[in-house]
Amino acid sequence: MASTTPDPLPGAHGRHDTPPPSDRPGRIEAHGIDHIPDRERHGRARELFAVWAAANVNYLSLVVGGALILMGLSLGQALAVIVVGNLFWVPVGLLAVSGPASGTPSEVIMRAMFGVRGNRVNIAITGWGICICYIALNLAAAALAAFSLVEKAGIAPNTGVKIVVVVGIAALTLAISVYGHATILKLYLPITVVLTAAFAVVAVSVLGHADFGYAPAEPLTGGSLWAALAGGVTLIASGPLSYTNSADFSRYLPRTASPKAIVGWTALGGFLPSVAVCSLGAIAATAVDMTDPQTALGAILPTWFTPLFLLALVLGTIAINAMTAYSSGLALQAIGVRLRRSLTVIVDGVLAVAVTLYALLVSNFLDTVSNVLQLTVVLLGPSTAIYATDILLRRNRYDGPALTDETPGSPFWFTAGVNWAGALALTTGTAAAALCVNTLYTGPLAHALGGVDLALPVGIVVAAAVYAIMMRRSRRDRTGMTD
């Protein structure tokens, strides 16, 4: 799979290992949602592994893994759910191949699916809005660990101290996001190594206390079991499905980069650490009460290691949040906000801090995590399905400069700026998923099935089918497609 835009520098991409001045570590990235020209493409697909690995060795994965046991699953069932849910990293890898093909981020590529105007609405909801939610959730997770550190230092974590801690962590996170792509690539390999070492120590302690034959006192059966299994897969899958923006981090690669390598390194970078850390959370829940993970784990960890573990939790959430904030800045630009990327990142960070303080000071954090993650798949499942279907239909052929054209003469203007195939597919897929969801509310189909949540598979299948059929049948919509 390759771009239809001819390569002006044939055979040169194998030597593009030196970043151009516009994308070097320690310098604020010059590009936003604009097209990356071939002369500025550099790097190798394997660099993507560390980017995704660093973002997925984190506290939130521990919490989610432990939540599966709290839902009533046995350890074996929880581990199976973790593996199945994390298989959704494969489509995330598939979406990443569109970055080198177009030289633009996901937020721009999706104009091919929704049209120039239609995509602004799509990005506002499935891109920018959900990014803000995830930044807030992860920032809250980092803050909880930091509050414990502050308390160990002899400082009472009152409301004022909590606000200072949240703002401080946010400032570190946003600094990485503002500097951008090259700085992320540079930092995330050592971050991955540090986090892996820290979680290895945690694993030794957890495995020493684990009950590998754990089963709940009252095992789930029948409809209740299927409901818990489906809900668990949805909860785990919500993590990878939140990365419909994976092309944001691959778009600097040369267009000749191997699509298989891009899929593989992206998917493995997310899958392996997510499975490991989520499984660690589930195993820990067989020995300690994971309704309060930090306190519970602190009881079984070596005393000397507890502060280091808390620091690792903060570092891991900073890593994942820096990526999310980076993409949220691109999303805000794609919506139509005329600010440079570094400023849109700061705007999003301020908003996320406000949401975080609400989550920490007003609501219950664990309930908030579970509800938000499960509900987002109603939108993210169909959105991911449409994106992946478009890549397959076009054979990953995207004209980057044409995608950046927002005028009515653009090949991606479609009808009044909207590609109705994408708009109707997303609407239909989301509606179908909403009928099957069982989280903040129970949809009628989920109710009829005894609470089994089929929102994820139903939303994906319906959205993909509707989009493929409409794109193939509509000659007018195919004006933006190249065979």
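Contact here means heavy atoms within 4.5 Å. By that criterion, and leaving aside neighbours within four places in sequence, Thr356 is in contact with Ile135, Ala136, Leu139, Ala140 and Val166. This is a predicted model, in which local features need pLDDT of at least 70 and side-chain atom pairs count only at pLDDT 80 or more, while totals for chains, interfaces and linings use all residues. Residues are numbered from 1 along each chain as its sequence is written, and side-chain values use heavy atoms, with hydrogens and water left out.

**Overall fold and dimensions**

- The protein has 20 helices and zero strands; both are DSSP runs numbered from the N terminus, helices being H or I of at least four residues and strands E of at least two.
- The radius of gyration, taken over C-alpha atoms, is 22 Å, which agrees with the value near 23 Å for a compact globule of 483 residues. The globule rule is 2.2 Å times the number of residues to the power 0.38.
- Along the principal axes, the C-alpha atoms fill a box of roughly 60 × 55 × 40 Å.
- Of the contacts with a separation of 6 or more, 85% join residues 24 or more positions apart.

**Surface and charge**

- About 18000 Å² is exposed, and carbon and sulfur atoms supply 67% of it; the areas come from the Shrake-Rupley method with a 1.4 Å probe.
- Of the 483 residues, 59% count as buried, meaning under 20% relative accessible area (exposed is over 50%, partly exposed in between; 1.4 Å probe, protein chains only).
- There are 27 positive and 24 negative side chains, with the centres of the two sets 10 Å apart. Lys and Arg count as positive, Asp and Glu as negative, and His and the chain ends are not counted; charges are placed at NZ of Lys, CZ of Arg, CG of Asp or CD of Glu.

**Nonpolar cores**

- A nonpolar core is a set of buried Ala, Val, Leu, Ile, Met, Phe, Trp, Tyr and Cys residues joined through side-chain atoms within 4.5 Å.
- In the largest core, of 128 residues, Met113 and Tyr188 touch the most other members. Helix α14 (residues 306–335) gives the largest share of this core, 14 residues.
- A second, separate core has six residues, among them Val178, Ala325, Val345 and Ala352.
- Beyond four places in sequence, Met113 touches Ile386, Tyr387, Asp390, Tyr398, Asn419, Gly422 and Tyr467.

**Two threonines**

- Thr356 lies in helix α15 (residues 341–361) and is buried, at 0% relative accessible area.
- Thr234 lies in helix α11 (residues 222–241) and counts as buried because its relative accessibility is 1%.
- Thr234 and Asp248 are 14 residues apart in sequence and 24 Å apart in space, C-alpha to C-alpha.
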